[in-house]
Amino acid sequence: MRWVPEGAKDLRQRVLAAVGQDPFRCYQCGKCTSTCPMAPDMEHPPHLVMRLLQLGQLQELLPSASVWACVSCETCTARCPQGIEVARVMDAVRQMGLEEGLLPREGAVPFTEIFLHQVKNYGRLWDTMLGASYNLRRLRPFKDLGLAAKLLRKGKIAFRPERISHKEEVRRIFERLGGDR
Amino acid sequence: MTTYGYYPGCALHSSSREYDLSVRAISQALGVELREIDDWNCCGASPAHWSREELSLALCQRNINLARGEGLEVVVAPCAACYNRFRVALSTLRQDEEKRRQVEEALGQEAALEVRVIHLLELLHERIVKDEFIPERPLEGLKVACYYGCLLLRPPKAVAEDDPENPTKMEEVIRALGAEAIEWPQKTCCCGASAGVTEVSRAERLSGGIVSAAKRRGADLIAAACPLCQVNLEVRQGGLGMPVVYISQLVGLALGKGPKEVGLDLLLIDPMPTLRKRGVV
């Protein structure tokens, strides 16, 4: 009988429930990693994420910035010889990090929070404030100021957000399906 | 005249309004009336599916239900990211009953899954290549690098309307306009737009590689079909001076529209010197 590490079965069920993909089908060929444009920036590139899931090593995986470096280009999904939607597995790990509060504090995590906060409150994205809020939160308000000046000249800076009429419908979606902490 | 639903998405209402402008400018000539879905919401883009899959599905499905409520059977999305999320939502909800139940509960109504969502490129290909369109002002001599990026093609099962490894529909449109489409292997490589705000050096590494490859192959400009790719390729190319225009802007020029009518003056890297040099404006 095959030995399955402690916790690995539960973890497999969590990934299956979240995104419908089975990490146990991965045979570690490494094609996802060799094709991943962000692999050079990852401590745990995609094939290692799959391996750590197979071994039940969630605690090793969650605080790492690796899955948050993924840009969802879906090249891994397109090329996996086992037909695993690897990019969705990366999503599942991000989601478990949000649920357990084990997260890197920079990069895509605060970006995601600001983005979803806007969508929940206005129904649409206020892109001018997306970059500005992110840079403010990182305490580097002057980053990309040159770009902001160019956008201002082209009339592409929005001084207020667009709001939809039925904001309550979008709010209800967020209340029922969570996602924003 | 066919009536299609139109989902511009957030970028086309703000920082990429030249894309919206040029799509609206060409639609009549292509025999399509685009009706913007009333009270549409953001599709949630990547942050929604990173946080919870069902959230992304429900944000998309609300718009699809609105379209259905207006009697629209086909919705055109010019943004590759919105298009991608809609197609993934429809395909997931058709297959996964449990997720559909959750989404319907959050929406307070049944999910309309029979609506067809297409990307602008599909419409252009149908009206320009299949219908043998004759350009009023052919873009002869202009060398274009057609850039597809990720989200028009991947994940292939849900979104690709072309060969996901070597797509050619954009090149076919460009040739029908009288321009030359260069061959290059970077047309489906990721530009890193989703890291464009948070990890600038990574976005620059990817975008710079793509733009310099187009330059080496002798392209005059890059044509994009996504506002996120267009902006990222423009601002994170590392000062290579390569114009990046929307495919709809080139269609507009070939239809005889003026540069301002298609918003060429709103781009951050001015394509006019290149277009003048090639004698197409």
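This is a short tour of a predicted model, moving from the domains of chain A to selected helices and strands of chain B.

Begin by colouring chain A by domain, with residues 8–100 as domain 1 and residues 108–176 as domain 2; the C-alpha centres of these two domains lie 28 Å apart.

Turn next to chain B and select residues 143–146, which are β5(B), together with β6(B) at 180–181, β7(B) at 221–224 and β8(B) at 244–246. These four strands make an open sheet with parallel pairing, in the order β6-β5-β7-β8. Because β6(B) and β8(B) are the edge strands and each has a single partner, one side of each is left without a neighbour in the sheet. Between β7(B) and β8(B) the parallel pairing runs over three bridges, and showing A224(B) with its bridge partner Y246(B) takes you to β8(B).

With the sheet still displayed, add residues 169–176 of chain B, helix α8(B), which lies across β5(B), β6(B) and β7(B) and runs at about 160 degrees to β5(B).

Now select residues 227–235 of chain B, helix α10(B), where nine of the nine residues are buried, among them C229(B), N232(B) and E234(B). Which helix of chain A do the buried residues of α10(B) pack against? They pack against α10 (145–153) of chain A, as well as elements of chain B that include α1(B), α4(B), α9(B), β7(B) and β8(B).

Finish at residues 53–69 of chain B, helix α3(B), whose end C-alpha atoms are 24 Å apart, in agreement with the 24 Å that its 17 residues should span. Since 15 of those 17 residues are buried, α3(B) is largely enclosed by the rest of the structure. Just beyond this helix, G71(B) adopts a positive phi of about 80 degrees.

Key. Residues are numbered from 1 along each chain as its sequence is written. Chains are lettered from A and ligands numbered from 1 in the order in which they are written. This is a predicted model: local features need pLDDT of at least 70, side-chain atom pairs count only at pLDDT 80 or more; totals for chains, interfaces and linings use all residues. Domain bounds come from an automatic or database domain assignment. A residue is buried if 20 or more other C-beta atoms lie within 10 Å of its own, exposed if 12 or fewer, and partly exposed in between; C-beta atoms are placed from the backbone. Helices (H or I, at least four residues) and strands (E, at least two) are DSSP runs, numbered from the N terminus. Two residues are in contact if their C-beta atoms, placed from the backbone, lie within 7 Å. The expected span of a helix is 1.5 Å times one less than its number of residues. Two strands pair if DSSP finds at least two bridges between them. Axes are lines fitted to C-alpha atoms, for helices over the stretch in contact, and angles run from 0 to 180 degrees between N-to-C directions.
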